[in-house]
Amino acid sequence: MQQFQRLSSRQAAQSSEPMTNGQPQYHATDEVDEAARAAERARLRQGVMHVRIDRFYCTMEELLDPALRGQSFIVGTGTGRPNEPGRVIDVSPAAARLGLVPGMPLRRAHRLAPRTRFLPASYDQYQPVLQQLKDRYRAYSRIIETLPLSDAFIDLRGCEIPFTNPVMLAERLCAEIAEMGLSAMIGVANGKSTAELAALMSRKDGRQGVLYIPHGREASFVQTLPLSLLTRMRAAGSGLATALPELNEQSQQNNGEGKNGQVDPVAVADMVTHLRDFGITSFAQVATLTEEGLVRRLGPLGGWLYRVAIGDDDSLVVPDAPPLSQNARVRFHHQADADETCSALNKLAAYLSERLQEQRLKGQSIALVLWPNQIRRHTRKLVSGEDGEEMAFTMPEETIGGQLLLDRHTDQADIIAHHSLMLFAHYHKAGMRYLQVQLRVGDMITTAPTTYYPPPARARGRMTRKLSAP
């Protein structure tokens, strides 16, 4: 009742204030309300969206060959043949019903389902679709971390599209991907690991491919999941390397950590198996343990697992950086003369130009490497003998070549071909024939206008506490 009286008196005070040009005068309460609404919009815009394309390889093969729809087939590494060493990359729904799973050796898959079709991955034909996916991801945020081949983490802090609810944004992206003939699973949360777990559950229990975990609900969601989901995660262990190592720690083992602070999937699988041996099969059981005990038993990976289980996921999206270089090589089946080598250089320049334009990249340095049939050059080296004295000897070089630095970055095939032919004319000798030729474009920059690079890890991460054994 007192609250109602205060509101009534406030309204009466506002109604009794003088008017200026028919409008009430400005009040500080309006500024507070606007600041509160801005803070709410900022809170909604923060978060990570994980996009996972379900059965990407098999879906692409079905788009390329509609006769595969409904059939039992798998996509394998290398040539995809079951009589060669390799593993299963993806399985069709019909093959999954026969017990085939990704990661299984091809020979074992053939023993389980001998009538299943085995196909290699057609990476060259996937590129146009992959580029369309990346363009759609960049339309939603300038902070993108892509995962091979088609998955991505999208940081909503870099989103320039106005929205009031992350679910609406995720549903819009899911519909756009469905128009391409692909099936997307999207999870939205405050951290990468929780968002990926949400994406894995986005088509369970009647969901339509989008699952949003609000802030503060991470622990209650994660603790309903089994630990076996960790083996399906692409970014398990993200955020372990939150600080730079000390000088005396650089020579120590990295405990299975890979690029961007991620962990080897084999280490994650071993951790799940180790915990299962002790009867721990869910995140809820992990949350009842202590972080110190998990770190002592499992190392940094145990600490990451505990933080995810209690809902403390602060892993960051690490945006993609342009590659250092792009290169291509031609191996001749015979000893090629100068004309054939020049023709191969023109084809390599056109191929590299197409790759650069597809990936929105440009290069400034052009390097040429030749494998001549007859070695004409020798290298003089100094080595230490048994008595400690230096001795000089010459040894033949297997390759010849050099590098040019252009005035500006380029992705044009004619410019790349022109300078590669200049390098070839400089190093070619009369009568020389070649076995291989390689062309490389380096010093890359990206042509995307919204490229974002994160600050150094020490500046945006928190210092890790060095634990000593008890």
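The buried residues of helix H13 pack against five helices, namely H8 (192-200), H9 (218-222), H10 (265-277), H11 (283-287) and H12 (291-298). The model is predicted, and this briefing describes two of its features: the setting of helix H13 and the largest cavity.

**Helix H13 and its surroundings**

- Helix H13 spans residues 300-309, and because 9 of its 10 residues are buried, the helix is largely enclosed by the rest of the structure.
- Burial here means a relative accessible area under 20%.
- The buried residues of H13 are Leu-301, Gly-302, Gly-303, Trp-304, Leu-305, Tyr-306, Arg-307, Val-308 and Ala-309.
- Just after H13, the backbone at Gly-311 adopts a positive phi of about 85 degrees.

**The largest cavity**

- The structure contains 1 cavity of 30 Å³ or more, and the volume of the largest cavity is about 40 Å³.
- Its lining is formed by Leu-130, Leu-133, Lys-134, Tyr-137, Thr-146, Leu-147, Leu-149, Ser-150 and Asp-151.
- Helix H6 (123-140) and strand E7 (144-147) each contribute at least two residues to the lining of the largest cavity.
- Of the contributors to this lining, H6 gives the most, with 4 residues.
- Sorted by class, the lining of the largest cavity comprises 5 nonpolar, 2 polar and 2 charged residues.

Definitions and conventions
Residues numbered from 1 in each chain as written. Predicted model: local features only at pLDDT ≥ 70, side-chain atom pairs only at ≥ 80, totals over all residues. Heavy atoms only, no water. Buried < 20%, exposed > 50% of the residue type's maximum accessible area, 1.4 Å probe, protein only. Contact = heavy atoms within 4.5 Å. 1 Å grid on protein atoms, 1.4 Å probe; cavity = no way out; pocket = protein on both sides within 12 Å on 5 of 7 lines; lining within 4 Å. Points joined across faces, edges and corners; volume = space filled by probe spheres on them. Nonpolar A, V, L, I, M, F, W, Y, C, P; charged D, E, K, R; others polar.
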